[in-house]
Amino acid sequence: MFAFKTLLGIGLMLRGEPDDLSTARMHLREGASFERTTYYPFIGAALLALRAGNSDEVRIWISDALKKFPNLNAEYVREAAHPFYEGSPYCDYLDRLIEQGLPPGERRLIEE
């Protein structure tokens, strides 16, 4: 169920319709609430909060993600989320998450 909620939230987020963003936020919040989840709903919710200009909420999502996934970093997110965010406005936001507390990590060459 966490995967369904997370992918639905990310899909709505990437579609980018203003009416979809609050629904996307709700689904991502639900996806993050499951014991067995991934970091995707946390990062998705942080990106939505960043888009809304809510730095406090961004930092909370990042902090919660790092509590659950202590080795998480921006480069790991960039490599894993590349197919989701490439070509979207959120692609540039990934760097801004570093400014909000996500560790940068080591940049590696992504093989194509």
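Select Leu102 first: setting aside residues up to four places away in sequence, Leu102 touches Ile43, Ile62, Leu66, Leu72, Asn73, Ala74, Val77 and Leu97. The model on screen is a predicted one. Leu102 sits in the segment after α6 (90-99). With a relative accessible area of 2%, Leu102 is buried. Now add Asn73 to the selection and draw the C-alpha to C-alpha distance: Leu102 and Asn73 are 5.9 Å apart in space and 29 residues apart in sequence.

**The whole chain**

Switch to a cartoon of the protein chain. It shows six helices and zero strands, and from the N terminus on the elements run α-α-α-α-α-α. Colour by burial next: of the 112 residues in the protein chain, 40% are buried. A contact map restricted to separations of 6 or more gives 69% of the contacts to residues 24 or more positions apart.

**Helices α1 and α2**

Select residues 2-15 for helix α1 and residues 18-33 for helix α2. Their axes come within 8 Å and cross at roughly 155°. An angle over 145 degrees counts as roughly antiparallel, and that is how α1 runs relative to α2. The crossing of α1 past α2 is left-handed.

Show side chains along this contact. On the α1 side, select Phe2, Lys5, Thr6, Leu8, Gly9, Ile10, Leu12, Met13 and Arg15. They meet Asp20, Leu21, Thr23, Ala24, His27, Leu28, Glu30 and Gly31 in α2. Coloured by class, the residues of the contact of α1 with α2 divide into eight nonpolar, five polar and four charged.

Stop at one of the charged residues, Asp20, which is found in helix α2. Is Asp20 buried or exposed? Its relative accessibility is 10%, so Asp20 counts as buried. Leaving out residues up to four places away in sequence, Asp20 touches Leu12 and Arg15.

**Helices α2 and α3**

Keep α2 on screen and add residues 40-51, which make up α3. The axes of α2 and α3 are 8 Å apart, and the two helices pack at an angle of about 150°. They are therefore roughly antiparallel to each other. Here too the handedness can be read off: the crossing of α2 and α3 is left-handed.

For the contact itself, select Leu21, Ala24, Arg25, Leu28, Gly31 and Ala32 of α2. Opposite them, select Pro41, Phe42, Gly44, Ala45, Leu48 and Arg51 of α3. By class, the contact of α2 with α3 has eight nonpolar, two polar and two charged residues. Leu21, Ala24, Leu28 and Gly31 of α2 are listed in the contact with α1 and in the contact with α3.

**The loop between α2 and α3**

Move to Thr38, which lies in the loop between α2 and α3. At a relative accessible area of 25%, Thr38 is partly exposed. Which residues does Thr38 contact, leaving aside its neighbours within four places in sequence? They are Phe2 and Phe69. Along the chain Thr38 and Phe2 are 36 residues apart, and their C-alpha atoms are separated by 8.3 Å.

**The aromatic rings**

Hide everything but the aromatic side chains. How many aromatic pairs are there? The count comes to five. Begin with Tyr39 and Phe69, an edge-to-face pair with 6.5 Å centre to centre and 80° between the planes. Tyr39 lies in the loop between α2 and α3, and Phe69 in the loop between α4 (55-68) and α5 (74-85), so the pair ties together parts that are 30 residues apart in sequence. Tyr39 is buried, at 7% relative accessible area, whereas Phe69 counts as partly exposed at 21%.

Next, select Phe42 and Trp61. Their ring centres are 5.9 Å apart and their planes stand at 70°, so this pair is edge-to-face. Phe42 lies in helix α3 and Trp61 in helix α4, so the pair ties together parts that are 19 residues apart in sequence. Both Phe42 and Trp61 are buried. Phe42 is also one of the α3 residues in the contact with α2.

To finish, select Tyr39, Tyr40, Phe42, Trp61, Phe69 and Tyr76 together: ring pairs link them into a cluster.

Methods. Residues numbered from 1 in each chain as written. Heavy atoms only, no water. Axes fitted to C-alpha atoms, helices over the stretch in contact; angles between N-to-C directions. Helix = DSSP H or I, 4+ residues; strand = E, 2+ residues; numbered from the N terminus. Parallel < 35°, antiparallel > 145°, perpendicular 65-115°, else oblique. Left-handed = near helix turned anticlockwise from the far one by under 90°. Contact = heavy atoms within 4.5 Å. Nonpolar A, V, L, I, M, F, W, Y, C, P; charged D, E, K, R; others polar. Phe/Tyr/Trp six-rings, centres within 6.5 Å; stacked < 30°, edge-to-face > 60°. Buried < 20%, exposed > 50% of the residue type's maximum accessible area, 1.4 Å probe, protein only.
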